[in-house]
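User: I want to learn to read packing and charge pairs in a model. Where do we start?
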Amino acid sequence: MSIETTFNKLSARVKASLIRKLLQNRYEQMADGGLFLPKERIALRGVFSLSCNGGPVSLHPNTVVREGRNHMLNVVLHNESQITDWYMALFSGDVTPQGDTWTAANFAAVATEITDYDEADRPSFLVGDAIDGVSSNLTNEAAYTMNEVGSVYGGAIISSSEKGGSTGILLAAARFQNKRDYEPTDNLNVGYEIGLTST
C-alpha cells in the first residue's frame, strides 16, 4: 500500500486540516526530522535502518523533504498521478539533507550518490500494506552488493530507478547518525518506515 493510500485513509476533516496547515507552513520541524502539527496532534516521520552482512541494525530518523510533501498533497488535492514505484539510494557525501532544497534533480550531485554496487539500478522500495498509519519495507529490505571501498553517510527514497539519475521525485532523505564503511562484496540492507500518526 502506498504512502498516498495511507494518507487517503484519514478522515476528511483530519485530511483537510492537515493539508491546510502544511500549505500555510503551520507545522513544527521535530528533532528527528519529522513534521508535527500541534493542534491536530499529527506527526509525519520516517526512519531508515541499515545493516551490513547481517550484522546489527542501526536506525536513523529522516527528513520528509518539501518535494515529497508537495507530491503527496498534489496527488490528494489535484489529481496528480500517484507514483507506485519508489527506489532507495545511498550517499557518500558528508552532508545533512536540506528539506527545503534537496530534490530528485539535485540529489545525486549534492549528496554524492553511491553507485558502486553490483545491482544495475537503485533497489526498489517495496512496501507492505499500511498498518496503523505506518508503511515500511522492513520485510523486504533493499539489498546492495558493494563492489568498491567507501562509506555510507545517508540514504534517500526517490521515484527514479536510475543510479545517479536526476529525474523523478525525492520523498525523503537522512544523514545516518554514524557513517558506515564498506568493502567489496559487503552486503548492505536498507529499510525504511514512514508513518502518519495521531498523537
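Analyst: Start with the nonpolar core: buried Ala, Val, Leu, Ile, Met, Phe, Trp, Tyr and Cys residues joined through side-chain atoms within 4.5 Å. Buried means under 20% relative accessible area, exposed over 50%, partly exposed in between (1.4 Å probe, protein chains only). Here the largest such core has 27 residues. Phe 48, Met 88, Leu 90, Tyr 144, Ile 157, Leu 188 and Tyr 192 have the most contacts inside it.

User: Which element gives the most to this core?
Analyst: Elements are DSSP runs numbered from the N terminus: helices (H or I, at least four residues) and strands (E, at least two). E10 gives the most, with five residues.

User: What is the status of the model, and how are values taken?
Analyst: This is a predicted model; local features need pLDDT of at least 70, side-chain atom pairs count only at pLDDT 80 or more, and totals for chains, interfaces and linings use all residues. Residues are numbered from 1 along each chain as its sequence is written, and side-chain values use heavy atoms, without hydrogens and water.

User: How many salt bridges are there?
Analyst: Side chains of opposite charge can pair when their charged atoms come close. The rule: a side-chain nitrogen of Lys or Arg within 4 Å of a carboxyl oxygen of Asp or Glu. The count is five. One joins Asp 100 to Arg 66 at 3.3 Å, N to O. Asp 100 sits in the loop between E6 and helix H4, and Arg 66 in helix H3, so the pair ties together parts 34 residues apart in sequence.

User: Are Arg 122 and Glu 113 buried or exposed?
Analyst: Arg 122 is buried at 2%. Glu 113 is buried at 10%. They form a salt bridge, with the closest N and O atoms 2.7 Å apart.
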